[in-house]
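Q: Please take a close look at one part of this model, starting from a single side chain, and then tell me how its surroundings and the rest of the chain fit in. I'd like the geometry spelled out.

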Amino acid sequence: MDLLIQGALIVDGSGEKPYYGDIAVDRDRISAVGRLEALEARRVVDARGLMATPGLIDGHTHSELNLMANRQHPNAVYQGISTVVTGQCGLGFAPMKDEMFDDSMRINSGIFGDYRRYFKKWNTFGEFLDLLGGSAVNVAANVSHNAVRQMITGFEDRPLNEEELKAAKQVVADAMEEGAVGLSVGLSYYPGGYSNTRELAEMCSVVKQYDGLFCVHQRLNDGQIPISSLEEAAEVVRRTKVRLNMLHYRTGGMEDYHTMFAPFEELEKEGAQIYYEFYPYLVGAGLLLALVPGWAQEGSWRKIMDRLTSEEMRDRLLREMDERHSYFFGPGQTARIILTKDPYSRSLGRTVDEIAEEHGETFSQAVIRLLIENELEAGFAGIENQTEELKEKLYDDQYRLFTDDRYTVGSDTIPTGILCHPRAFGSFARIIAHMRDRSVPAEYIIKKLTSMPAQMYHLEDRGLLKPGMKADICLMDYEKVCDKATFGNPRRRPEGIHSLYVNGLPALEEGTLTGILAGEAVRRGLNK
């Protein structure tokens, strides 16, 4: 026996009541769970006073490039997360043609940063997934809609023709064969946002054949298609019967939280499998380029820069950006710059409004200038400036959504940049603390963060503390778990996470990163 964890309060991820016991590990798998006093092991860990859970699973991250540059992935490990799912919101980098590599990296650098100097090129989805192995955590990945489109039409703004649609479906099929856990779409990003509903349904007909998950970041309701973004997601499920996961899907105002389920009620009555997720904050983050209209994002990085710097196009660009403002920001809301090409930039940590005032600009003028100065490598986070009444209501909604059996949590982690969103270092500790303080049972909380995402994404042998499962194990001081990351200091580690074992080896011991990189590239499989 390689490892014996003794005397822990075991919350095994199944939702069953906790119990005291021991966990034995042989190589990378759990060999026994229970009262194991008679067993001997090369390594014995005294876990009295600690809770043992499966390694937590974060089903929504944008960590793939950052992971390959920083294999220790501290934002996840410090929270007890042993497995992450990447390639969400339609944003991803596989499969990839050589000639698309630079454009794809630079156009998306406002979220991912510009990591071109770190990597060799890859082509297939499987090659990319292999590169994600060998980190501190396990990594699974969706094939992203944007990557599929780039393989067929690059960054062109037009619907796919019949031959192109057939080719796109083959790209999806190849990625699923190579281990993708599903297909993600981010329909307010491009080139995926140039698609129509039929294109999504055709691709999802392939995903359905593999029982993959269709993960939806909604389209803007700007009249691009004749139905609403929620109606579109429901229509794709209606046509294909694909399993659906609605990403970062929560209330944002005074609406009744029950309205979140209304667009999908009939489908659920007919037996559709629909999941929902959110992160436990009130504002998000994204790339500054998203504030620019779709027509201005067509083509290559060079063409986008040419449009941003064009005097002839400036009036139209500003007019349409002003019109789009309300899609991203409510009344009185603004954005804080958290990622710039220059890590010493004076814009970091300041709001776009503050920057605009300093330069005598409008909000949209400041956005254009920031994009030009940073060569598109600029990202923002929202600001939680809601009224106290609204904040209280929204956090109460999050409690009600979390305690619905269809909901789980995904951090939407963007770990790049000097000032990242605090959700990267805080989401899982924060949701544990928030739900614990509302007396949600530990076994329910842990199930939502372990076996439920494992089942959703068909992550074989993960998410439960049972014999034969992979030895992904978190030890925590449950009553002390809480987040410490803030918007001003977003990289502060949480409290209460003691140790994390990934495939039987320690990634975190007694709060200290070990530097051991035992994580694997995890491919889609059916749970036994």
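**Rings and their surroundings**

A: Let's start with W122, which is buried at a relative accessible area of just 2%. Bear in mind that this is a predicted model. F101 also falls in the buried class, with a relative accessibility of 3%; the cut-off for that class is under 20%.

Now for the rings themselves. Searching the whole structure turns up 16 aromatic pairs. F101 and W122 make an edge-to-face pair, because their ring centres are 5.3 Å apart and their planes meet at 75°, where anything over 60 degrees gets that label. This pair ties together distant parts of the chain: F101 belongs to helix α3 (residues 101-107), while W122 is in the loop between α4 (109-112) and α5 (125-132), 21 residues apart. For contrast in labels, take Y190 and Y194: with centres 4.7 Å apart and planes at 35°, their rings count as tilted. Both of these tyrosines are buried as well.

From F101 you can follow helix α3 over to another helix. α3 is among the elements covering the buried residues of α6, and so are β9 (143-144), α7 (162-177), β10 (182-186) and α8 (197-209). Helix α6 itself (residues 145-153) is largely enclosed by the rest of the structure, because eight of its nine residues are buried. The buried set is a mixed bag: H145, N146, A147, V148, R149, Q150, M151 and T153. Right after α6 comes G154, with a positive phi near 65°.

Elsewhere, the rings do more than pair up. Y249, F261, F264, Y276, F278 and Y407 are joined into a cluster through ring pairs. One member, F261, also has a charge over its ring: the charged end of R406 sits 4.0 Å from the ring centre. There's a similar arrangement at Y281, where the charged end of R430 is over the ring, 4.2 Å from its centre.

Y281 also leads you to S427, since the two are in contact. S427 is part of helix α16 (residues 423-437), and it counts as buried because its relative accessible area is 0%. Beyond its neighbours within four places in sequence, S427 also touches Q79, Y279, P280, S411 and P422.

If you want a spot with some exposure, try E495, in the loop between β18 (473-476) and β19 (497-502). E495 is partly exposed, at 40% relative accessible area. Once neighbours within four places in sequence are set aside, its contacts are K480, V481, C482 and K484. Its C-alpha atom is 9.1 Å from that of M476, which is 19 residues away along the chain.

Zooming out, the chain has 18 helices and 21 strands, and 62% of its 528 residues count as buried. Its radius of gyration is 23 Å, which agrees with the value near 24 Å for a compact globule of 528 residues. The C-alpha trace spans about 80 × 50 × 45 Å along its principal axes. If you take the contacts between residues at least 6 apart in sequence, 77% of them join residues at least 24 apart. As for the outside, the accessible surface comes to about 19800 Å², with 47% belonging to carbon and sulfur atoms.

Terms used:
Residues numbered from 1 in each chain as written. Predicted model: local features only at pLDDT ≥ 70, side-chain atom pairs only at ≥ 80, totals over all residues. Heavy atoms only, no water. Phe/Tyr/Trp six-rings, centres within 6.5 Å; stacked < 30°, edge-to-face > 60°. Helix = DSSP H or I, 4+ residues; strand = E, 2+ residues; numbered from the N terminus. Buried < 20%, exposed > 50% of the residue type's maximum accessible area, 1.4 Å probe, protein only. Lys NZ or Arg CZ within 6 Å of the ring centre and 35° of its normal. Rg over C-alpha atoms; globule rule 2.2 N^0.38 Å. Contact = heavy atoms within 4.5 Å. Areas by Shrake-Rupley, 256 points an atom, 1.4 Å probe, with all protein chains shown as cover.
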